[in-house]
Amino acid sequence: MLERKLVHLAALIKASKHFVVFTGAGISTAAKIPDFRGPSGVWTARDRGLAAPKCIELSQAMPTLAHNALVKLHEKDVLKYLVSQNVDGLHLVSKRGKRA
């Protein structure tokens with residue numbers, strides 16, 4: 001089932017004229033940066049009267065496989081635009097290969 005969906009998604013992307021990706025906090029959770037609205041997110045914890053989840057220093061966070069995959073798609077001119085509301089800088093770090 002998943003493989004069929006991935007094949008379909010790849011076909012849609014390949015057929016698109018302008019493939020654009022919008023990202024938010026969820027793309028960086030694998031880098032140990034908590035999201036806001038997820039089951040253990042910052043705002044979810046606050047609404048439950050709990051302490052915010054632990055987070056690593058943003059300067060120590062490294063790009064995830066998802067960040068790196070988006071860079072590869074951009075390098076191959078498949079991904080035309082990437083729009084992110086994140087302030088962690090991981091999209092830029094993955095493009096440069098290191099922190100500034």
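**Salt bridges, core and surface of the predicted model**

With a relative accessible area of 51%, D77 counts as exposed. That figure, like the others in this passage, comes from a predicted model. D77 makes a good starting point, as several features meet there. The residue sits just after helix α3 and takes a positive phi of about 60 degrees. Its side chain also meets that of K80 in a salt bridge, with 3.2 Å from N to O. The partner, K80, is partly exposed at 27% relative accessibility.

From here it helps to step back to the whole chain. The protein has 4 helices and 2 strands, and along the sequence these follow the pattern α-β-α-α-β-α. Taken along the principal axes, the box filled by the C-alpha atoms is roughly 45 × 40 × 20 Å. Of the 100 residues, 29% count as buried. The accessible surface comes to about 7600 Å², and carbon and sulfur atoms hold 62% of this area. Among contacts with a separation of 6 or more, 60% join residues that are 24 or more positions apart.

Which residues make up the largest nonpolar core? This core has 6 members, namely I13, F19, V21, I27, L70 and L79. In soluble globular proteins, nonpolar side chains tend to be buried together. Within the core, L79 can serve as a guide to the surroundings. Once neighbours within four places in sequence are set aside, L79 is in contact with F19, V20, V21, L70, L73 and H74.

The core residue L70 leads on to helix α3. This helix spans residues 65-75, and H67, L70 and V71 are buried in it. Viewed down the axis of α3, the buried residues fall within an arc of 100 degrees, so they line one face of the helix. What covers that face? The cover over the buried residues of α3 includes strand β1 (19-23), strand β2 (79-84) and helix α4 (90-96).

One residue of α4 shows how that helix meets α3. S94 lies in helix α4 and counts as buried, since its relative accessibility is 10%, against a cut-off of 20%. Not counting residues up to four places away in sequence, S94 touches P63, H67, N68 and V71. Two of these, H67 and V71, are among the buried residues of α3.

A second serine, S28, also reaches H67. S28 is placed in the loop between β1 and α2 (42-47). Is this loop residue buried or exposed? At 1% relative accessibility, S28 counts as buried. With neighbours within four places in sequence left aside, its contacts are I33, H67, N86, D88 and L90. S28 and M62 stand 34 residues apart in sequence, while their C-alpha atoms are 9.0 Å apart in space.

Helix α3 also carries a salt bridge of its own. E75 pairs with K72, and the closest N and O atoms are 3.8 Å apart. Both residues lie in α3 with a spacing of 3 residues, about one turn of the helix. An α-helix has 3.6 residues a turn, so residues three or four places apart point the same way. E75 is exposed at 51% relative accessibility, whereas K72 is partly exposed at 49%. The two values fall on either side of the 50% cut-off, which is why the labels differ.

How many salt bridges does a search of the whole structure find? The search finds 3. Besides the pairs formed by D77 with K80 and E75 with K72, the side chains of D47 and R46 meet in a salt bridge of 3.2 Å, N to O. Here both partners are exposed: D47 has a relative accessibility of 59%, and R46 has a relative accessible area of 55%.

The surface has a nonpolar side as well. V20, F22, Y81 and V83 form a nonpolar patch there, and together they hold about 420 Å² of accessible area. The elements that give two or more residues to this patch are β1 and β2. One member, V83, is found in strand β2 and is partly exposed, with a relative accessible area of 37%. Strands β1 and β2 thus appear in two settings: they contribute to the surface patch, and they are part of what covers the buried residues of α3.

Conventions. Residues numbered from 1 in each chain as written. Predicted model: local features only at pLDDT ≥ 70, side-chain atom pairs only at ≥ 80, totals over all residues. Heavy atoms only, no water. Core = buried A, V, L, I, M, F, W, Y, C linked by side-chain atoms within 4.5 Å. Buried < 20%, exposed > 50% of the residue type's maximum accessible area, 1.4 Å probe, protein only. Contact = heavy atoms within 4.5 Å. Arc of directions from axis to C-beta. Patch = residues over 30% accessible without salt bridge, like charges linked within 9 Å, V, L, I, M, F, W, Y side chains within 5 Å. Areas by Shrake-Rupley, 256 points an atom, 1.4 Å probe, with all protein chains shown as cover. Salt bridge = Lys/Arg side-chain N within 4 Å of Asp/Glu carboxyl O.
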